[in-house]
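Here are my notes on this model, point by point. Please read them with the coordinates open.

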Amino acid sequence: MISTPKSGFSEEDIEIQVITQQDYKRAYDFLSLYFSGNEPLTSSSEPRDEVVMGLDFALTNIEHGTCLKAVLKGSDEIIGLTITGPKGPDEAEHLQKAADAEGNTKLGKIFQFLAKVEREANVCERYNVTKVLHIIATCVDVKMRGKNLGTHLYNAAIEIAKSKGFELVTADCTSFYSARIKENLGWDCVNIAPYKDFHIDNKQVFCPDPPHESCKSYAIRI
């Protein structure tokens, strides 16, 4: 168990635990329910009804032992999770290869955008580091929102990063709300990629409703 700060919840209410392969289906279903339909890239690009995608790609990071779930004590009920994984100086190339493999699909366009974001943020060179833990996706049960659970998960991600020798934790916040949490926690904003500026075949790809206007990349040295 990883200890968490007392903010909105106490140690008596929740535990933050490492996600294992035994949790795979539950984590997949939780992301499908609480992340995919609300995440601006998937929910605002065509086809609009195709939102559950890329989860298997994200969940390959379970093998690194860095993905975390928040559970209610005594029930093992997942109330939130964050999917994180290591990245290095070649991350933009890795994402571009995934985009090329997908081609002109919705997921391919998302990978292409994220590769662009990664090149612009350029965190390994910016911070002169090689071992980075990247937060890929975070979501919370709708019944538990507004209780600082996201903050608990982000802080727990920092703690596990420290324990595994990472030098930096990063996140590409596609949501206004996740970006606001990083701002409040004092993370560095290292890049802003407005959705209105990303076009394929002269057409804006991502058109989310306000207040989602950009993907903001954040980093915190540990």
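1. Start with the loop between α2 (40–43) and α3 (55–59), where P47 sits. The model is predicted. The peptide bond from E46 to P47 is cis, and its omega is near -10°. E46 also appears in the lining of the second largest pocket.

2. A cis peptide bond also joins P210 and P211, with omega about 10°. P211 belongs to the loop between β8 (203–204) and β9.

3. Check the backbone at N128. This residue is not a glycine, yet its phi is positive, about 55°. N128 lies between α6 (123–127) and β4, in the loop. Is N128 buried or exposed? It is exposed, with a relative accessible area of 70%.

4. D201 deserves the check too. Its phi is positive, about 55°, and D201 is not a glycine. The loop between β7 (199–200) and β8 holds this residue. Relative accessible area is 69% for D201, so the residue counts as exposed, the cut-off being over 50%.

5. D201 is also one of the residues that line the second largest pocket. That pocket holds about 220 Å³ of space. Its lining includes S44, S45, R48, N104 and K109, along with I200, K203, Q204, V205 and C207. By type, the lining residues are five charged, four polar and three nonpolar.

6. Now the interior. The largest nonpolar core has 25 residues, and those touching the most other members are I16, I135, L149, V169 and W187. At least two core residues come from each of β1 (14–18), β2 (68–72), β4 (132–140), α7 (149–163), β5 (168–173) and β9 (214–221). Which element gives the largest share of this core? It is α7, with eight residues.

7. I135 is worth a closer look. Setting aside neighbours within four places in sequence, I135 is in contact with T82, I83 and T84, with Y154 and A157, with V169, T170, A171 and D172, and with W187. Another core lies apart from the largest one; it has 19 residues, including M53, F111, A115 and Y195.

8. Last, the annotation. An unreviewed UniProt entry places the feature "domain: N-acetyltransferase" at residues 129–174. Over this stretch the chain is 33% helix and 33% strand. The C-alpha atoms at its two ends are 24 Å apart.

Terms used:
Residues are numbered from 1 along each chain as its sequence is written. This is a predicted model: local features need pLDDT of at least 70, side-chain atom pairs count only at pLDDT 80 or more; totals for chains, interfaces and linings use all residues. Side-chain values use heavy atoms; hydrogens and water are left out. On a 1 Å grid over the protein atoms alone, a cavity is a set of points where a 1.4 Å probe fits but cannot get out, and a pocket is an open set with protein on both sides within 12 Å along at least five of seven lines; lining residues have an atom within 4 Å of a point. Grid points are joined across faces, edges and corners, and a volume is the space filled by probe spheres set on the points. Ala, Val, Leu, Ile, Met, Phe, Trp, Tyr, Cys and Pro count as nonpolar, Asp, Glu, Lys and Arg as charged, and the others, Gly among them, as polar. UniProt positions are given in the numbering used here, feature names are shortened, and annotations may be inferred rather than shown by experiment. Helices (H or I, at least four residues) and strands (E, at least two) are DSSP runs, numbered from the N terminus. A nonpolar core is a set of buried Ala, Val, Leu, Ile, Met, Phe, Trp, Tyr and Cys residues joined through side-chain atoms within 4.5 Å. Buried means under 20% relative accessible area, exposed over 50%, partly exposed in between (1.4 Å probe, protein chains only). Contact means heavy atoms within 4.5 Å.
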